[in-house]
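Got your viewer open? Load the model, set it to cartoon, and we'll walk through it one selection at a time.

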Amino acid sequence: MFKRIISRLDIKNNTLVKGISLEGLRVLGDPRFFALAYYNDGIDEIHFQDVVASLYNRNTLDNVINNTVKNVFVTINAGGGIRTTDDIDRVLKLGADKITINSAAIRDPNFIKIASEIYGVSTIGVAIETVKVDNKYMVLIESGREKTNIELFSWIEKIQKLGAGDLTITCIEHEGRKRGFIIELY
């Protein structure tokens with residue numbers, strides 16, 4: 001089996017943060033330092049996720065991406081606050097290779113189709129935050145703050161048909177708790 005190691009770095013205000021179940025964010029430091037360390041250790045891809053971009057209706061990864069791509073030469077994926085093709089254009093011009101959409105995909109699933117037709121399936125990914133409710137995994141947005149009433153597996157099926165090339169699934173109740181992955185889910 002072929003393995004790729006992908007590091008997801010959660011960003012808030014240009015700072016690397018880590019939370020528990022997407023809450024109580026702790027500051028860890030400069031994301032460029034961690035990206036370079038992962039690169040030197042042989043990482044295959046780095047995914048920068050602005051965890052408050054949709055909440056505050058902003059995009060703040062520009063500096064992080066622009067400065068990282070000068071010293072890190074692996075696939076860079078950027079997510080958080082990607083709402084339009086202009087947002088995608090800007091992030092790709094800064095040096096990102098791929099983008100990831102979450103809240104905007106839920107609000108307008110056709111955005112996935114439009115983006116994948118313009119930029120190619122391999123450039124467009126969808127982040128999914130999920131939590132188990134009554135034995136079903138349900139999708140949330142806004143860093144787990146807003147319920148959608150969308151069941152995870154039906155959403156996965158839909159976004160694949162719309163052209164999502166990558167899926168990044170975060171199980172909220174396990175995030176940051178050092179319990180590993182929920183194998184049954186994956």
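**Stop one: a buried glutamate**

Select Glu45: it is buried, with a relative accessible area of 2% (buried means under 20%, exposed over 50%, partly exposed in between, with a 1.4 Å probe and protein chains only). Before going further, note that this is a predicted model, where local features need pLDDT of at least 70 and side-chain atom pairs count only at pLDDT 80 or more, while totals for chains, interfaces and linings use all residues. Residues are numbered from 1 along each chain as its sequence is written, and side-chain values use heavy atoms, with hydrogens and water left out.

Glu45 belongs to strand E4, residues 45–50 (helices, H or I of at least four residues, and strands, E of at least two, are DSSP runs numbered from the N terminus). Which side chains make polar contacts with Glu45? Show Arg4, whose side chain is joined to that of Glu45 by a polar contact of 3.1 Å, then Lys98, where the side-chain polar contact with Glu45 is also 3.1 Å. A polar contact here is a pair of N or O atoms within 3.5 Å; within protein, one must be able to donate a hydrogen and the other to accept it, and residues adjacent in sequence count only if both atoms are side-chain atoms.

Now add the rest of the surroundings: not counting residues up to four places away in sequence, Glu45 touches Arg4, Ile5, Ile6, Ser7, Val74, Thr75, Asn77 and Lys98 (contact means heavy atoms within 4.5 Å).

**Stop two: H6 and its partners**

Colour helix H4 (residues 85–94) and helix H6 (residues 110–119): they pack at an angle of about 40 degrees, with axes 11 Å apart. Axes are lines fitted to C-alpha atoms, for helices over the stretch in contact, and angles run from 0 to 180 degrees between N-to-C directions. H4 and H6 are therefore oblique to each other. For the contact itself, pick Thr85, Ile88, Asp89 and Leu92 on H4, and Phe111, Ile114, Ala115, Ile118 and Tyr119 on H6.

Next, bring up helix H7 (residues 152–162), whose axis comes within 8 Å of that of H6, crossing at roughly 35 degrees. Stick these: Ile112, Lys113 and Ser116 from H6, with Trp155, Ile159 and Leu162 from H7.

Stay on Ser116, which sits in H6. Is Ser116 buried or exposed? At 8% relative accessibility, Ser116 counts as buried. Leaving aside neighbours within four places in sequence, Ser116 is in contact with Val121, Ile124, Leu162 and Gly163. Look also at the backbone oxygen of Lys113, which lies 3.1 Å from a polar atom of the Ser116 side chain. For a distance label, try the C-alpha atoms of Ser116 and Gly165: 8.1 Å apart, with their positions 49 residues apart along the chain.

**Stop three: two asparagines with positive phi**

Jump to Asn14, in the loop between strand E1 (6–12) and strand E2 (15–20). Phi of Asn14 is near 65 degrees, a positive value in a residue other than glycine. At 32% relative accessibility, Asn14 counts as partly exposed.

Then go to Asn149, in strand E9 (residues 146–151). Asn149 has a positive phi of about 65 degrees although it is not a glycine, and it is exposed, with a relative accessible area of 70%.

**Zoom out**

Finally, show the whole chain: seven helices and ten strands. Of its 186 residues, 45% are buried.

Key. Parallel < 35°, antiparallel > 145°, perpendicular 65-115°, else oblique.
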